[in-house]
Amino acid sequence: MPHTEYLWFTTTERQQFVRITDQVRAIVGRSGIGDGMALVSAMHITAGVYVNDWEDGLIEDFQLWLEKLAPAGLLYRHHQTGEDNADAHLKRTVIGHQVLVPITDGTLDLGPWEQIFYAEFDGQRRKRVIVKVMGG
Amino acid sequence: MPHTEYLWFTTTERQQFVRITDQVRAIVGRSGIGDGMALVSAMHITAGVYVNDWEDGLIEDFQLWLEKLAPAGLLYRHHQTGEDNADAHLKRTVIGHQVLVPITDGTLDLGPWEQIFYAEFDGQRRKRVIVKVMGG
Amino acid sequence: MPHTEYLWFTTTERQQFVRITDQVRAIVGRSGIGDGMALVSAMHITAGVYVNDWEDGLIEDFQLWLEKLAPAGLLYRHHQTGEDNADAHLKRTVIGHQVLVPITDGTLDLGPWEQIFYAEFDGQRRKRVIVKVMGG
């Protein structure tokens, strides 16, 4: 049977990227699944999950780049509902909302620089990521 | 064994987003799989599948934003083959071509605002999405 | 049990897209898995895997478009570490770093034009893609 856990986040900043490789690895350990895949998927539509480098400069590059591609503060139609976070929906679309992490020999089968990140674009409130592990 | 069904679409507009959460939920119900994942993947390369908000203003924001990132009507090299839809290939790349929906306790394990959409960028003809459910 | 193989690439160009549909199909054949899914995922964070058209003009369109969205040669913060490839991290984020290919009746269940590509953005050195096949 698959093994499921949820990670909760309340970021201190509205936009904040959090490395979660270790939490995902621990969940895979608890699952007892030695070969398979772990789905790591944001359950809120203004946050994402992605795999890339654990380097502060690059993380800043990502954030500046996403601001250029999907700026805050434009006259989005979504804001006529009272919301102010349309850009967060767009940014999470670029970064991706889920990843599937391979598991081999009882642990995450990642390349040398692959790290899993939670990307929050409208934070400072409780939000959730599902981790579901499948395999044998 | 996995359970597979196909969804067919012939949109009335060339570009049109269609909510498919209910169809995917029904397929998962028919699969008899209570814990696992459902792959929902566009089988044509000018359409996508994504998870985001069911709000008309935001859907318009998405479409205007994709038009800005990947405009129609440019002198694309792909058009030398007689095609006129290079922008549709690019737009579907931004929005994503597939999602993996977790299944827990016999139904879709989605966050409060997560909805699954089919994003058509070159429609008005019959196109297909595969839904494949795996688990136990 | 899942079946896992790795594909190795050393591209001749720094940026190069390589069609890998046939290699993935062969791995699925060797897996003996007749119904399920194959995860195809880049293990390096400056490369991606995507599904789209096998047409040289469109591939050039993709590369020019990614250069516009995430240009090389800007003053990225990541380059203060001595790196010069921040744009490659961003480009791979747009194109996507993994795909999940459905398998039905013993082979890849792809639409008429779907082809799997490895997208290298910082090549000319040995890099790896994992292919993990699951199902029954």
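These are my notebook entries on how the chains of this predicted model are arranged and how chain C meets chain B.

**Ground rules.** Residues are numbered from 1 along each chain as its sequence is written, and chains are lettered from A in the order in which they are written. Local features need pLDDT of at least 70, side-chain atom pairs count only at pLDDT 80 or more, totals for chains, interfaces and linings use all residues, and side-chain values use heavy atoms, without hydrogens or water.

**Symmetry.** I started with chains C and B, superposed by least squares on the C-alpha atoms of residues with pLDDT of at least 70 in both. A 120° rotation with 0.0 Å of shift along its axis lays chain C on chain B, at an RMSD of 0.0 Å. That is the relation of a three-fold axis. Val94(C) has the C-alpha nearest the axis in chain C, 3.6 Å from it. I then turned to chain B, which goes onto chain A with a turn of 120°, a shift of 0.0 Å and an RMSD of 0.0 Å.

**The contact.** I looked up who touches whom (heavy atoms within 4.5 Å). Chain C gives 32 residues and chain B gives 28. Together they bury about 2,500 Å², 65% of it on carbon and sulfur atoms; this is the accessible area (1.4 Å probe) lost on being put together, summed over both. On the chain C side, Met37(C), Asp61(C) and Trp65(C) lose the most area to chain B, together 22% of what that side buries.

**Charges.** I found two salt bridges across this interface, counting a side-chain nitrogen of Lys or Arg within 4 Å of a carboxyl oxygen of Asp or Glu. Asp35(C) and Lys132(B) form a salt bridge, with N to O at 2.7 Å.

Conventions
Buried area is the accessible area (1.4 Å probe) that two parts lose on being put together, summed over both.
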